[in-house]
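Trainee: Hi! I'm new to this one, could you walk me through it?
Mentor: Happy to, let's look together.

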Amino acid sequence: LSRAVVLLDEPQSIRAQCWEGFGNTLKLLSEKLNTTFILMTATQPEIAKGQELAPKPVHFPRVRHDIQWLKDETPEGKMTITEAAAFLDKSGIKNNDTLIVLNTREAALKMYFEIRKLGISPLFLSRWVTPRDRKKTIEIIKSREKEKQLRWVVATQVIEAGMDMDFAVVFRDLGPLDSIIQVAGRCNRHGEREKPGEVYVAELFDEQGQANRSYCNIYDRVLICQTRNILNEYKAFNEGQCAEIVSRYYRAVKGAVNQSDLWDNITGGNWGEFIDLFERLPLPEEMLVIDHDGSIHPYLEKVLGMPSSLENIEERRKAFGIIGQNSISVPVKYLEEWQERLGSFILDGRDDILIKMARGIWLLKPEGLGRIYRSDICFIPPKFEDEYGFLLG
């Protein structure tokens, strides 16, 4: 790293507990090795002190979007996904390009079907869509945008960063404030619409879950608490106020967390003590490889049969790169439920639609397309087939 220029994209994804220690580490490397670190994000966290490269004030000639907190829309201050879909319908979703972002794959899929009930055919993006199919969907979205066609997209956080897309309306389930600001950047992105776009934020909960569990519970409690505090104070604000509000948010977050031992371990010589910079949620998930045309099955068998050696490491790496373009990560319980529903048993696996090829790797043969996995939607958990089967026919 000596004399290198290191680009850190979206550094706000680093856990707040590690900001101070990570910032001190960057400072140490910069001073001792003359390394230059560039932190690139629209929502700069309080990690390190340095020179701001973007001239201030940086803003569009006019406000591109307004952000509204929908806490007062319901007596409980929360919405079900069905209520959120009804709100969007009342707000004119049928006449506006709309992006809807939810926190979990299941919540996003449920919202997709609720929007379908309104007579709208949205596109869908999540980690339950293979990289190959995600690319196709993104191309469709951009093509419709270029041709000025109405478009509706339901997605998870995969769309928050690095996506050059433009919508008149954005709806975001409650998440950390920086995530809300990131997805708001897709609203009237190019500033070419006649009036500011609308960004709606609501806290959604699963009415069928345990104690009306909010979908935002996947995030750090401190981040959500401080975001609620900010939203409850402002309730409605525009893009021009975002820089000041985000700075307040990050200061509040940093003051509300106990910093990790990252820096103390480095300075104290405890170099074997590793601390994760990113939140790691242990999920019992395994790889599901989607075989669209029957060509992946023999290819996967060949790769799995290769010995792990230096001689074929490049071939294996290339093969798994191709396989990865046709793969998703799925909870094991859903794979087992589908296998039971299909009446399949792991014998030699040759006649089964869903096959367990190796530890942690499953294969879906072409016969399972349209039911277990749909290229135009995503992986379909068994319970969604029961609840929304009439929309899948």
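Mentor: One term before we start: contact means heavy atoms within 4.5 Å. Also keep in mind that this is a predicted model.

Trainee: Got it. Which residues does Ile159 touch?
Mentor: Leaving aside residues up to four places away in sequence, Ile159 touches Leu99, Val101, Leu125, Val153, Met165 and Arg186.

Trainee: And which residues touch the most other members of the largest nonpolar core?
Mentor: Those are Val153 and Ile159, in a core of 51 residues. Helix 7, residues 242–256, gives this core its largest share, six residues.

Trainee: What about another core, how many residues are in that?
Mentor: Another core lies apart from the largest one and has 50 residues, including Ile81, Ala84, Leu288 and Cys378.

Trainee: Switching topic: why is helix 5 largely enclosed by the rest of the structure?
Mentor: Because eight of the eight residues of helix 5, residues 177–184, are buried. They are Leu177, Asp178, Ser179, Ile180, Ile181, Gln182, Val183 and Ala184.

Trainee: Now the helix pair, 9 and 10. At what angle do their axes cross?
Mentor: The axes of helix 9 (residues 296–305) and helix 10 (residues 313–324) cross at roughly 145 degrees and come within 10 Å. The crossing is left-handed.

Trainee: Which residues make the contact there?
Mentor: From helix 9, Tyr299, Leu300, Lys302, Val303 and Leu304; from helix 10, Glu315, Arg316, Ala319, Phe320, Ile322 and Ile323.

Trainee: How many of those are nonpolar, polar or charged?
Mentor: Eight are nonpolar and three are charged, with no polar residues in that contact.

Key:
Residues numbered from 1 in each chain as written. Predicted model: local features only at pLDDT ≥ 70, side-chain atom pairs only at ≥ 80, totals over all residues. Heavy atoms only, no water. Axes fitted to C-alpha atoms, helices over the stretch in contact; angles between N-to-C directions. Helix = DSSP H or I, 4+ residues; strand = E, 2+ residues; numbered from the N terminus. Left-handed = near helix turned anticlockwise from the far one by under 90°. Nonpolar A, V, L, I, M, F, W, Y, C, P; charged D, E, K, R; others polar. Core = buried A, V, L, I, M, F, W, Y, C linked by side-chain atoms within 4.5 Å. Buried < 20%, exposed > 50% of the residue type's maximum accessible area, 1.4 Å probe, protein only.
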